[in-house]
Amino acid sequence: MPPRLPFGQVRNFLQLGHRIRRMSSKPSVYVTRPDVDDSGLELLRKSCQVSTWQETSPVPRSELIREVAGKDALYCALTDKVDKEVLDAAGPQLKCVATISVGYDHIDMEECRKRGIRVGFTPDVLTDATAELTLALLLATNRRLFEANKQVYNGGWKSWAPMWMCGQGLKGSRVGLLGFGRIGQEIAARIAPFKPAEITYTTRSPRPQEAAAVNARHVDFDEMLRNSDFIVACCALTPQTKEIFNASAFQKMKSNCIFINTARGGVVDQKALYDALKTKQIQAAGLDVTTPEPLPLDDPLLKLDNVVILPHIGSADIETRKEMSRITARNILAGLANKEMEAEVKL
Ligand SMILES: O=C(O)C(=O)CO
């Protein structure tokens, strides 16, 4: 018979074993999108145990809650709501969350802060792609590209006609931006060559240096609403900007105003936008983001001719998305190693 060890010694021995196992085993990462560019996942696989949701549709919440349990890091996307319930399910060992997006309104920052969970995101890399897509929406709506294109296929194109399918040019127009961060500034820089009469921007505090570079003027929200021919939402979704474009805002806009949203669907009261478009209170809208996403096929907005809707493709430029995948991975590796992340949300 081998000698029996006292209980305390057995427990210490087991705990030591557990600690050694954790120290020697690779950190575990759960990835909610298997379809992110593999270059990012490869980076993670070198030093982590990586498990991923297997389908290209967003991970169901129940699956996320089950799979995140016990993980050291979470690689997520804007399609995943990372709230208290998910963080509780993960457990106290969770060190970091990294999202493959610049927006992080889907992550409960306060809960992360309370728990000391670090959060990575992907600003900068997608600025140009998003600004470019915003210009595409501006041009598609003001020159009525989608309406005109339909006429080619449905027999509406009878002959060239002097005033047919005319729209208002950007030249000589007043363009107002809600938000003047990285993306807003790049949008302004791309609009400038179209020779607008003026570019204005609304932010909590003016950014004179950045504004001077693109000849933009700081105005309050009300002035922007009342004077602009084009209004572009390019701000973060926060409690302050939630549904800031509501019935009252649309009422203040000029009847020729074209409203563009490449920020988040949540900055708009969508029913109010529908009413404003339907009653021609405003001219048109170009939306890369909606509530919800995807927009149901029976959504009334889809019945209107004066709206162009895209399926949230602002940053969908191939090299941009590849780099976003790698930055998200590098953010996680830095978070796990207690090093500075490439792009970390200040909590
Ligand atoms: O990165 C984001 O926040 C996006 O909306 C992706 O286009």
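This passage describes the nonpolar cores, salt bridges and internal spaces of a predicted model.

The nonpolar interior was examined first. The largest nonpolar core comprises 45 residues, of which Val-29, Tyr-75, Leu-177, Ile-187 and Ile-332 touch the most other members. The surroundings of one of these, Tyr-75, can be given in full. When residues up to four places away in sequence are not counted, Tyr-75 is in contact with Val-29, Tyr-30, Val-31, Thr-32, Val-36, Leu-44, Ala-98, Ile-100, Ser-325, Thr-328, Ala-329 and Ile-332. A second core, separate from the largest, contains 30 residues, including Cys-257, Val-267, Ala-285 and Leu-295.

Charged pairs were considered next. Side chains of opposite charge can pair when their charged atoms come close. Across the whole structure, 28 salt bridges are found. One of them joins Arg-118 to Glu-344, with 2.8 Å between the closest N and O atoms. This pair connects distant parts of the chain, as Arg-118 belongs to strand E5 (residues 118–120) and Glu-344 to the segment after helix H13 (318–336), with 226 residues separating the two. Glu-344 counts as partly exposed because its relative accessibility is 27%, a value between the limits of 20% for buried and 50% for exposed residues.

A further salt bridge lies within a helix. Asp-222 and Arg-226 are both part of helix H10 (residues 221–227), where they stand 4 residues apart, about one turn of the helix. Their side chains meet in a salt bridge with an N to O distance of 2.8 Å. Asp-222 has a relative accessibility of 30% and therefore counts as partly exposed; Arg-226, with a relative accessible area of 43%, is likewise partly exposed.

Glu-210 and Arg-207 also form a salt bridge, the closest N and O atoms being separated by 3.7 Å. Glu-210 is classed as partly exposed at 27% relative accessibility, and Arg-207 is partly exposed with a relative accessible area of 32%. In addition, a network of salt bridges links Lys-84, Asp-88, Glu-111, Lys-114 and Arg-115.

Empty space within the model was then analysed. Rolling a probe the size of a water molecule over the atoms shows where empty space is left. The search of the whole structure yields 1 cavity of 30 Å³ or more. The largest cavity holds about 50 Å³ of space. Its lining consists of Arg-174, Val-175, Gly-176, Glu-198, Thr-200, Val-219, Glu-223, Met-224, Asn-227 and Ser-228. Two or more of the lining residues are contributed by each of strand E6 (174–178), strand E7 (198–202) and H10, the helix that also holds the pair Asp-222 and Arg-226. By class, the cavity lining divides into 3 nonpolar, 4 polar and 3 charged residues.

Among the pockets, the second largest has a volume of about 510 Å³. It is lined by 28 residues, and Glu-147, Leu-304, Asp-305, Asn-306 and Val-307 are the closest to its centre. Helix H6 (127–142), helix H7 (145–154), helix H12 (270–278), strand E11 (284–287) and strand E12 (307–309) are the elements that give two or more residues to this lining. The largest share, 4 residues, is supplied by H7. The lining of this pocket has 15 nonpolar, 6 polar and 7 charged residues.

Notes: Residues numbered from 1 in each chain as written. Predicted model: local features only at pLDDT ≥ 70, side-chain atom pairs only at ≥ 80, totals over all residues. Heavy atoms only, no water. 1 Å grid on protein atoms, 1.4 Å probe; cavity = no way out; pocket = protein on both sides within 12 Å on 5 of 7 lines; lining within 4 Å. Points joined across faces, edges and corners; volume = space filled by probe spheres on them. Nonpolar A, V, L, I, M, F, W, Y, C, P; charged D, E, K, R; others polar. Core = buried A, V, L, I, M, F, W, Y, C linked by side-chain atoms within 4.5 Å. Buried < 20%, exposed > 50% of the residue type's maximum accessible area, 1.4 Å probe, protein only. Contact = heavy atoms within 4.5 Å. Salt bridge = Lys/Arg side-chain N within 4 Å of Asp/Glu carboxyl O.
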